[in-house]
Amino acid sequence: MSPSKQPERRLIASNKKARHDYTVLRTYEAGIVLVGTEVKSLREGRASLVDAFAHERDGEIMLYGLHIAEYAYGTWTNHAPRRNRKLLLRRAEIDRILEKVREGGVTLVPLSMYFDNGWAKVELALAKGKRSYDKRQTLAERDANREIARELGRHLKGHPRRV
């Protein structure tokens, strides 16, 4: 018997700033429509989600602002780096997402891009924008948790408390 294969998931790019600027309400996994040279460029890890966002167009969800660098060994068939790309979701999911977005105050933000068993996927989030005081509060909580973990580690190792 051969050992069971774990699903392979390889990260291409992540949008770290999105979790800082937005409160993530719900995440979805979506496929993405790509052309050949885009896939080759993604396999080299040459993508950026910094300015990317998703929006509805003609009942479909499209990804705007995703930068996939041109493939170095491509010819005249190379792709445009910032073209709009269609996201692949089930119709019921699209309807639920669009219903939430139309209510207002919620946006679609890509959090990460990865290969899942050879297929390029995007982790898409329904997110609500944070205010500046929310961002400061999040940073303060993270610093406090880090300090608590540090002190707990010192205590467990038997080191005296720093004052």
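**Figure 1. Surroundings of Y114 in strand β8.** Y114 is placed in strand β8 of this predicted model. With a relative accessible area of 3%, Y114 is buried, because that value falls under the 20% cut-off. Leaving aside residues up to four places away in sequence, Y114 touches R9, R10, L11 and I12, as well as E29, W119, A120, K121 and E123. One of these neighbours, R9, is joined to Y114 by a polar contact of 3.0 Å between the two side chains. The C-alpha atoms of Y114 and S14 are separated by 8.6 Å, although the two residues are 100 residues apart along the chain.

**Figure 2. The largest nonpolar core and the contacts of L42.** This core has 28 residues, of which I32, L42, I61, L66, L87 and M113 touch the most other members. Two or more residues come from each of the strands β1 (9-14), β2 (22-32), β5 (60-64), β8 (107-116) and β9 (119-129), and from helix α3 (91-103). The greatest contribution, 4 residues, is that of β9. In soluble globular proteins, nonpolar side chains tend to be buried together. For L42, the residues touched, not counting those up to four places away in sequence, are R10, I12, L34, A47, I68, M113, F115 and A120. M113 thus appears both among the core residues that touch the most other members and among the contacts of L42. A second core, separate from this one, consists of 5 residues, including A18, V109, L111 and A125.

**Figure 3. The salt bridge between R83 and E38.** The closest N and O atoms of R83 and E38 are 2.9 Å apart. R83 belongs to the loop between β6 (67-68) and β7 (85-88), while E38 belongs to helix α2 (residues 36-43), so this salt bridge ties together parts that are 45 residues apart in sequence. The two partners are set in contrasting surroundings: R83 is partly exposed at 26% relative accessibility, whereas E38 is buried at 0%. Side chains of opposite charge can pair when their charged atoms come close.

**Figure 4. Salt bridges within helices α3 and α4.** In helix α3, D95 forms a salt bridge with R91, and their closest N and O atoms are 3.6 Å apart. D95 and R91 are 4 residues apart, which means a separation of about one helical turn. Both are partly exposed, D95 at 41% relative accessibility and R91 with a relative accessible area of 42%. In helix α4, the salt bridge is between E151 and R154, with 2.8 Å between the closest N and O atoms. E151 and R154 are 3 residues apart, again a separation of about one helical turn. An α-helix has 3.6 residues a turn, so residues three or four places apart point the same way. E151 is partly exposed, with a relative accessible area of 21%, but R154 is buried, with 16%. Elsewhere, salt bridges that share partners link E38, R83 and R85 into one network. The count for the model comes to 8 salt bridges.

**Figure 5. Helix α4 and the residue that follows.** Helix α4 (residues 132-157) has 26 residues, which at 1.5 Å a residue should span 38 Å. The C-alpha atoms at its ends are 38 Å apart, in agreement with that expectation. Just after α4, G158 adopts a positive phi of about 85 degrees.

Definitions and conventions
Residues are numbered from 1 along each chain as its sequence is written. This is a predicted model: local features need pLDDT of at least 70, side-chain atom pairs count only at pLDDT 80 or more; totals for chains, interfaces and linings use all residues. Side-chain values use heavy atoms; hydrogens and water are left out. A nonpolar core is a set of buried Ala, Val, Leu, Ile, Met, Phe, Trp, Tyr and Cys residues joined through side-chain atoms within 4.5 Å. Buried means under 20% relative accessible area, exposed over 50%, partly exposed in between (1.4 Å probe, protein chains only). Contact means heavy atoms within 4.5 Å. The expected span of a helix is 1.5 Å times one less than its number of residues. A polar contact is a pair of N or O atoms within 3.5 Å; within protein, one must be able to donate a hydrogen and the other to accept it, and residues adjacent in sequence count only if both atoms are side-chain atoms. A salt bridge is a side-chain nitrogen of Lys or Arg within 4 Å of a carboxyl oxygen of Asp or Glu.
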